[in-house]
Structures are given as structure tokens and as C-alpha cells.
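Let us work through this structure as a learner and a teacher might.

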Amino acid sequence: MAELDTSSGGGKKGSGKVRSKKASTKVDLTAMVDLAFLLITFFMLTTSLSKPIAMDIAKPDKDVKDENRLELRASQTMTILLGKNNKVAWYMGEAGKSQPNIEGYGDIRKSILANKKKVADMNNNDPKKTLVVVIKPTSGASYENFVNIMDELNITKITAAPAIDDENITDAEKDFMKKNGIL
Amino acid sequence: MPRAKVKRKSTSIDMTAMCDVAFLLLTFFILTATARQPDPLDIKLPASSYKIPVPDVDIAKLSIGRGKVFYEVAGKDVKMLTLDKMGEQYKISFTPQERERFGVIQSFGVPIQNLKQFIMMNDQATRDKSGLQTGIPTDSLNNQLADWILNSRKAVAELHSTAMRVSIKGDAKEEYPVIKKIVDILQKQKINKFSLITTAAGGAK
């Protein structure tokens with residue numbers, strides 16, 4: 001269809017008349033159509049996928065000194081401390097009473113799920129008494145760590161609003177993290 | 001009876017129509033695709049499994065990376081009114097031309113004292129190269145970021161009578177205390193709810 005014609009013109013020696021060959025007007029469009037559809041696919045996919053996504057975060061109001069705050073029961077509280085080198089330390093219940101575990105971000109989901117199940121079993125699946133997670137990002141943590149842990153809570157479907165507490169990191173918690181090299 | 005001769009048909013198809021349609025669609029997609037806005041700060045967003053898209057209007061965007069903060073508020077009218085209010089507060093008067101130009105500037109990170117010079121630069125490339133973008137001052141003595149946020153909240157409330165949303169676009173490797181400092185500024189203005197902008201996580205999540 002669109003091959004180059006190399007034989008025309010001066011090919012035949014001797015014959016007096018040079019016949020100009022009539023070139024076909026049809027062009028092979030296959031390659032062009034291929035390219036066009038490739039680009040279409042690319043633009044279709046990128047337009048819908050590049051939308052940024054919002055993760056809504058609510059932090060407790062600092063100024064409100066509300067006296068009737070609800071006490072959290074130690075047995076259903078899980079505190080996650082975000083340390084450096086992409087490590088977390090978590091413990092159940094009150095600080096200092098139980099030994100924290102140090103984990104990476106790959107394993108924390110399992111721990112959250114296990115604790116969630118434990119709390120649910122203990123309270124006979126009472127929907128009002130589910131696991132409450134307190135997140136304490138320390139100065140060693142990166143922004144990505146924080147986003148990751150919030151994402152884990154979303155994945156593990158922790159219904160109770162997570163408490164993000166970056167003010168009250170106790171000395172015991174700090175000491176523990178320093179000892180283990182994640183602060 | 002002689003056998004009917006089957007006529008050989010050509011295998012080549014006329015692709016002109018298909019080509020036309022393909023290019024029509026291609027043009028459509030190219031034109032509708034929102035060009036990714038170049039960020040003056042090189043930010044690598046963290047990924048999450050959230051699915052809520054970011055709204056396009058009445059939102060302020062704080063870009064945080066390498067310890068610097070850049071600010072942008074959506075909408076030309078809001079930008080211009082915010083600039084008026086900032087000028088009033090800092091005793092800097094902006095000409096109508098400057099207001100017009102500021103209305104189309106995207107994320108910026110200059111102290112307000114250098115803003116006039118920054119606005120009058122010709123294009124985004126020279127602005128990025130100028131070295132003026134040292135981030136918006138956030139010290140407690142010279143907290144321009146808080147003023148920008150406050151004034152754009154007022155502007156959004158005046159123009160669209162809704163509350164402005166605040167979104168944070170942080171670099172994944174940014175240290176948490178830097179984010180905390182910005183969040184504290186927001187919380188001082190009683191903004192306790194904000195959106196963290198992330199990308200969609202691909203793969204197994």
C-alpha cells in the first residue's frame with residue numbers, strides 16, 4: 001500500500017519512453033490508528049487516576065477545657081507511638097503497666113486486628129465498647145509514618161475516632177523508646 | 001452448469017473513519033485532562049487507601065516540604081480579595097495589575113515583603129529560579145502564614161459564604177515536628193479539621 005517505489009525512473013535502459021508509474025493515493029493508516037488509540041488509552045487512564053485524595057483528620061480542640069471528658073477504659077485502649085526508622089511501639093492499657101512491643105509498619109495491621117478482636121470478645125461484641133486507638137507521633141516520626149498509621153486504622157475499620165496526641169508523651173514512653181533506639 | 005466464481009475481496013480496510021474518530025477522542029482527552037500543576041516544592045505524596053477526592057473550590061492548600069511552607073488558595077476571586085486584606089494588614093498597596101497577576105499565581109512561598117517583586121516576574125520559571133521562595137514565615141513573631149490563612153478564610157466567607165477547608169500537602173519524608181508546627185498554627189485559629197492530601201495506593205492495599 002504505502003511501500004516506497006524504488007524501481008521507477010531509469011530502471012530500464014534502452015527503452016525510449018520512461019513511463020511514470022502512478023502512485024496509489026491510499027496510505028496505510030494502521031500505525032497511525034495504533035498510536036492514536038495508545039494515546040487515548042493513556043489520557044483516559046491518567047485523567048481519572050491522578051486526582052489527589054483527601055484524608056480527613058480531626059484533632060482535639062486545645063482550648064476547650066471540658067471537665068466532663070469521657071474516661072477511656074484502659075482495657076480497650078491501644079496506644080501506638082510512632083518512632084524513627086519506620087518503627088512503632090504499641091501497648092495496651094496504661095502506660096508503664098504493660099511492656100510495649102516494637103514493630104514495623106508491615107506488622108502493625110495484624111496487631112491492631114488482634115487487639116480489636118480481643119477487645120470485642122471481652123465485651124461480647126458490644127458495639128459501644130470497641131478498641132480505641134491513641135496515636136502518639138514523636139519527633140522522630142516522618143509525615144509518611146503518620147499517614148500510614150491513619151491509613152491502617154482505616155483499613156482495619158477502627159470505628160472509634162482515633163485520638164491524635166502529640167503533646168502528652170510521657171517520660172516512661174520516651175525512656176522506653178530511647179532505650180530501643182527509636183526516638 | 002458452470003461454477004459460480006467467488007470474487008476475491010481485498011483484505012485492506014479503509015481506516016480513514018476510524019482514524020478520524022480516534023483523533024477526535026484523543027483531542028478531547030488532551031484538552032479535558034487537567035494538566036498537573038507544577039509544584040515549586042518537589043513533593044512526594046504519601047499513599048493511602050482513602051477514596052475521597054479533594055474538592056476544587058473553597059480550599060486552601062499548604063505545601064510542606066524541606067521545612068518550607070508554600071500557600072495557595074483556590075479561586076481567582078478569593079486570591080485577589082485575600083491579597084487586598086493582606087495588603088491592608090501589612091500596609092502594602094497593590095495595583096490593579098498586580099492583583100490581576102496574583103489571581104493566577106499558583107502555590108507561592110515568599111514573605112509578603114518580597115511579594116510585589118515576585119508578582120511582577122514574567123513567568124513561573126523565573127519565579128522558581130529567583131530564589132525568593134524561601135517559604136512563608138511561620139515564626140511566632142512574624143507569623144505571616146497565620147495571616148494568610150485567616151484572611152483567605154474571611155475572603156471565602158465573604159465571597160462564597162461557606163467555610164474554607166484547609167488541606168495539607170506534605171512531603172512523605174518530612175519530619176513530623178514540622179507538620180505539627182503548621183497544625184498548631186491551624187489549631188490556634190480553631191481549625192481542628194483538615195484534609196491530608198495523599199495519592200491512591202496501588203497494589204495489594
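The dialogue below takes up the contact between the chains, the paired strands, the nonpolar core and one buried residue.

Q: How many residues does each chain bring to the contact?

A: This is a predicted model, and in it the contact takes 39 residues from chain A and 44 residues from chain B. On the side of chain A that touches chain B, helix H1 (30–49), strand S1 (53–58) and helix H3 (143–155) each supply at least two residues, with H1(A) giving the largest share, twelve residues. By residue type, that side of chain A divides into 23 nonpolar, eight polar and eight charged.

Q: Which strand of chain B is joined to S1(A), and how do the two run, parallel or antiparallel?

A: S1(A) is joined by six bridges to strand S5 (residues 193–200) of chain B, and the two run antiparallel. Within this pairing, A:Asp56 stands opposite B:Ser195 in S5(B).

Q: Which residues have the most contacts inside the largest nonpolar core?

A: In soluble globular proteins, nonpolar side chains tend to be buried together. Here the largest nonpolar core has 66 residues, and those with the most contacts inside it are A:Ile80, A:Phe146, B:Leu62, B:Val69, B:Tyr71 and B:Ile182. Apart from residues up to four places away in sequence, B:Leu62 touches B:Val69, B:Tyr71, B:Val166, B:Ile168, B:Lys169 and B:Ile182.

Q: Why does A:Ile108 count as buried?

A: A residue is buried if 20 or more other C-beta atoms lie within 10 Å of its own; A:Ile108 counts as buried because it has 21 C-beta neighbours inside 10 Å. A:Ile108 is found in helix H2 (residues 108–122) of chain A, and, leaving aside neighbours within four places in sequence, A:Ile108 is in contact with A:Val88, A:Glu103 and A:Glu152.

Notes. Residues are numbered from 1 along each chain as its sequence is written. Chains are lettered from A and ligands numbered from 1 in the order in which they are written. This is a predicted model: local features need pLDDT of at least 70, side-chain atom pairs count only at pLDDT 80 or more; totals for chains, interfaces and linings use all residues. Two residues are in contact if their C-beta atoms, placed from the backbone, lie within 7 Å. Helices (H or I, at least four residues) and strands (E, at least two) are DSSP runs, numbered from the N terminus. Ala, Val, Leu, Ile, Met, Phe, Trp, Tyr, Cys and Pro count as nonpolar, Asp, Glu, Lys and Arg as charged, and the others, Gly among them, as polar. Two strands pair if DSSP finds at least two bridges between them. A nonpolar core is a set of buried Ala, Val, Leu, Ile, Met, Phe, Trp, Tyr and Cys residues joined through C-beta atoms within 7 Å. A residue is buried if 20 or more other C-beta atoms lie within 10 Å of its own, exposed if 12 or fewer, and partly exposed in between; C-beta atoms are placed from the backbone.
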